[in-house]
Amino acid sequence: MEKYDVVIIGTGVAGLFAALHLPRDKRVLVICKGAPEESDSFLAQGGICCQQGSGDYESYFQDTMRAGHGENNPRAVDCMIKFSEAVIEELVSLGVRFARNADGSLAATREGGHSRNRICYHEDCTGKEITSCLLKKVAELENVEIRANTAMLDILTDGSECYGIVVRDSAGKIKRICADYTVLACGGIGGIFEKTTNYGILTGDGVAICLKHGIAVDNINYIQIHPTTLYSEKKGRSFLISESVRGEGAHLLGKDFKRFCDELQPRDVVTGEILKQMKKDGTKHVWLDMRPIPKDEIAKHFPAIVDRCAEEGYDAFTQPVPVVPAQHYFMGGIRSDLNGKTTMPRLYAVGETCCNGVHGANRLASNSLLESLGFAKRAAESIAADYTQPNKEVGTRQDYSHPDAIFEEYKAMLLNAIKEADDERNKR
């Protein structure tokens, strides 16, 4: 049985930032279900929010609350906004290359639901820029090991505390890994849906495991649909077309090529308008017209989107491209406080897999990277401050010889829990 001080599940920005902020004298293992780059953090296009000075606090707070339909945890929103500038400063110090204005200051774009420009970005691949930088920094740490193609099957627990995890390693072998602290940073649940912008391996395993062990999970049916993914007849992950495209002036058009909604409303509102228009037109998609944006700005800000549209046969400079809503983000998750603590001692949850209430019922665009980074850092600092050795190590008698069946069981568990939550909400 292997033993580490801290084990982290996930190589997205939450898991990596947590690893970076743990004490260097702690042995840390970071695992991921696929390749280290297969996290939704790598796919984030638009950018990362940052308060634009103290005068922006109130409008940023209200924008976040409004997008979340007032169901947000105000303390979490306050915390996130207040650490935003420090997070951006740290990312810059680590080497992240954000877009700059002519005077050298950080550029800021706007997305749906925001009352002003406050989103820092790197072209249309901000997540890749940040995550690849963090991955490089973590790989340089002598106290941290990154282990790919290693899937978590369960946690080790006696029912009162968490003592590590059970995994299937890259060779298919079942292993028990003991740890003084365990951090779940294993992403969202998109892989259980037919149409999603997420990687297919992100199937909410951490959330299902917590349900299995009676660890609190909140708002499991709070699932965000992104309004604009590139429509394609090809199977596989849906390609996201960033909200920044609409923030910079792109229009949504119906079958008659006329605008039908305010493109800068929050995501759930725009999604609803698109679905309504598709039903009215009897079509499988609507159109996104980037032509109102200057060509040089499209080329500079959205090169990956332009290239992907071209692969599908569309010239984004000269014609509208077809878009359709798809599952994108999970606002619910494992209940955690502002330091990432779950309802089970020694078990933390950060990033998309957790629910600290910051997003409410609908996430404001580009709050995800910020939330993941800032609260992951707080979790690492909490572990360091409270660090104690457990007084025992726990094995498990469960049979893990058929891991694929376990993952199918977890998927069924999540879908059933989502349905029950939807049914309960519809009764109210």
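**Whole chain**

Start with the protein chain in cartoon view: twelve helices and 16 strands. Keep in mind that this is a predicted model. The radius of gyration is 21 Å, and the globule rule gives 22 Å for 428 residues, so the chain is as compact as a globular protein of that length. Align the view to the principal axes. The C-alpha atoms then fill a box of roughly 65 × 50 × 45 Å.

Switch on the surface. The protein chain exposes about 17200 Å². Carbon and sulfur atoms supply 48% of that area. Colour by burial next: 59% of the 428 residues count as buried. Now draw the contacts. Among those with a separation of 6 or more, 72% join residues 24 or more positions apart.

**The four-stranded sheet**

Select strands E10, E13, E12 and E11. They form an open sheet in exactly that order, E10-E13-E12-E11, with antiparallel pairing. Which strands stand at the edges? Strand E10 (223-230) and strand E11 (251-253) do. Each has a single partner strand, so one side of each is left without a neighbour in the sheet. From one strand to the next, the twist averages 45°.

Zoom in on E10 and E13. Six bridges link this pair, in the antiparallel sense. For one residue to click, pick Gln224: its bridge partner in E13 is Tyr329.

**His328**

Stay on strand E13, residues 321-330, and select His328, which lies in it. Is His328 buried or exposed? Its relative accessible area is 11%. The cut-off for buried is under 20%, so His328 is buried.

Show its surroundings. Leaving out residues up to four places away in sequence, His328 touches Thr197, Asn198, Gln224, Ile225, His226, Leu240, Arg267, Glu352 and Arg363. Gln224 appears in that list, and you have met it already as the bridge partner of Tyr329.

**Glu161**

Move to the loop between strand E6 (151-157) and strand E7 (162-168). Glu161 lies there. Its relative accessibility is 21%. Partly exposed covers the range between under 20% and over 50%, so Glu161 counts as partly exposed.

What does Glu161 contact, apart from its neighbours within four places in sequence? The partners are Leu156, Met344, Pro345 and Arg346.

For a last stop, add Glu371 and draw a C-alpha to C-alpha distance from Glu161. The two are 26 Å apart in space. In sequence, 210 residues separate Glu161 and Glu371.

Note on methods:
Residues numbered from 1 in each chain as written. Predicted model: local features only at pLDDT ≥ 70, side-chain atom pairs only at ≥ 80, totals over all residues. Heavy atoms only, no water. Helix = DSSP H or I, 4+ residues; strand = E, 2+ residues; numbered from the N terminus. Buried < 20%, exposed > 50% of the residue type's maximum accessible area, 1.4 Å probe, protein only. Contact = heavy atoms within 4.5 Å. Pairing = 2+ DSSP bridges. Axes fitted to C-alpha atoms, helices over the stretch in contact; angles between N-to-C directions. Rg over C-alpha atoms; globule rule 2.2 N^0.38 Å. Areas by Shrake-Rupley, 256 points an atom, 1.4 Å probe, with all protein chains shown as cover.
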